[in-house]
Structure formats: C-alpha cells, structure tokens
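Dear colleague,

Please find below the structure that I am handing over to you. My findings follow it.

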Amino acid sequence: MADLRYEKAIMSGNMYGDEKAFDAVTHWRTPDVVFDTFAEIDLGGRTVQLRHFGPGKGPGDTVVYDSGTGTAWTGNFLCHAGIAHMLLQGEPRPYVTSLRRMKESLPQLRTIVPGHGPMGDGHAAIDTLIGYLERLHEEVETAVAAGRSLTETETACTNLWAEGLDPALARVMAEYPGPGDIARERMLGLCRNLHRLNGVTAYRLYSAHDGRAKA
C-alpha cells in the first residue's frame, strides 16, 4: 500500500464510486517494521508468525499463525469452506498459487479464524477455495476465448450456490444462537453476489489480456 490515491480509488468501488467518502483521509500511518514473506512477533509468552503467501483477494494479504495450536487468523484471505471469496484486486491463478503455498507451508494447520464468518477446518477451506478458483478460471477463460459476452459467461459459469448453501457451512451456522434462517438466507445472498462479482472481475481481466470484451 504505497499509493494512497490508488487505494482510495479501489476502496471507493465499495462505496458505489463515492470517492468523496475518503476526502478526510489525507495520509496514513506507515509501519515501523516490514517483512516480505515471514516474520515472528513475541506477544509475551507466545510467539506468532506473520506469513505472506502471495496475492489473494488483494496483493498484501497477511496470515497470523500460532504453530502451538495450529490456528491461523486469515482475515479475508481464507474463510470457512463453502463461503464465496472476493477477487477485489486479485486473479484466480495467482490466488491458487498462494493457497497451495499456504497448504505446503503449514502442514499442521488445524483451525482458521477468518475476518468474516465462522471458524473452520484450515485445509478443507484451502482445498475448497482452490477448486472454486480453478473452475472459475477455466470457465471464464474458455468463454472469453470463444468470444462470449459477459452475460453469456455468467450463465455458463458453475454457480455453487444456485441451490443453496454448502451443507457443512449451513450446519455450522445452525449452531449459532439467534435467527438462523435469516442468517443463512443473508449468507446465501452474499455468496451469490460475490460469485457474480468474481465472474465479472475475471471476465474483465481475461478480456483485457485477450484484447476484446462484450457487454
């Protein structure tokens, strides 16, 4: 995050293009310590690892890992298996490479604590997301190569949430107190919307590489 103007422009996309929402942000606090792929922090009686496996949702996703318990705090990089992720500034293929690197680097990983949604099995979440991103890449790349429009590509892509939530995810959400039906309905709507956005993002990226795009 070296270009504040660029970051504000990217984030304004989540504010429906209202860049004025960030007018008050004129500078940011820069880090005192930086790292490339690995660092350790002593929290006082417990040391945790900071790991950057490569680009995910964006270029700077960082995972905090406690090797003693096999727990990783993953932010937006990795959520419970069955939750749709978001390609905010990322691409499917580099994201898959980063996930494979995470799986190889953390063989003792047990639990992930994501930025959103329930905790879950780490390797199950990795495998599920790799499968989703590989399918998304293959289907969108094939559609672009065939000259299909965005609408045609959306129709052709496999929607894992067309019929409902992943059963394992639904079971976990049912364990939480409160209006479970409402929570599951909103999670399903979120996953469907994120899947559509991922298809649009991949389509635009691959169309730009291919030199053509149709509405």
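Of the 215 residues of the protein, 39% count as buried in this model, which is predicted. The accessible surface comes to about 12,700 Å², and carbon and sulfur atoms hold 53% of that area.

As for the overall fold, the protein has six helices and six strands. Read from the N terminus, these elements follow the order α-β-β-β-β-α-β-β-α-α-α-α. The radius of gyration is 19 Å, close to the 17 Å that the globule rule gives for 215 residues, so the protein is as compact as a globular protein of that length. The C-alpha trace spans about 55 × 45 × 35 Å along the principal axes. Among contacts with a separation of 6 or more, 60% are between residues 24 or more positions apart.

I then examined one helix, H5, which covers residues 167-174. Which residues of H5 are buried? They are Leu169, Val172 and Met173. Seen down the axis of H5, these buried residues fall within an arc of 95°, so they line one face of the helix. The general background is that an α-helix has 3.6 residues a turn, so residues three or four places apart point the same way. Pro167 and Arg171, on the other side of H5, are exposed. The cover over the buried residues of H5 includes helix H6, residues 180-210.

Finally, the N-terminal end of H5 is capped by Asp166. A side-chain oxygen of Asp166 lies 2.9 Å from the backbone nitrogen of Ala168.

With kind regards

Definitions and conventions
Residues are numbered from 1 along each chain as its sequence is written. This is a predicted model: local features need pLDDT of at least 70, side-chain atom pairs count only at pLDDT 80 or more; totals for chains, interfaces and linings use all residues. Side-chain values use heavy atoms; hydrogens and water are left out. Buried means under 20% relative accessible area, exposed over 50%, partly exposed in between (1.4 Å probe, protein chains only). Helices (H or I, at least four residues) and strands (E, at least two) are DSSP runs, numbered from the N terminus. The arc is that of the directions from the helix axis to the C-beta atoms. Contact means heavy atoms within 4.5 Å. A polar contact is a pair of N or O atoms within 3.5 Å; within protein, one must be able to donate a hydrogen and the other to accept it, and residues adjacent in sequence count only if both atoms are side-chain atoms. The radius of gyration is taken over C-alpha atoms; the globule rule is 2.2 Å times the number of residues to the power 0.38. Accessible areas come from the Shrake-Rupley method with a 1.4 Å probe; for residues, only the protein chains shown count as cover.
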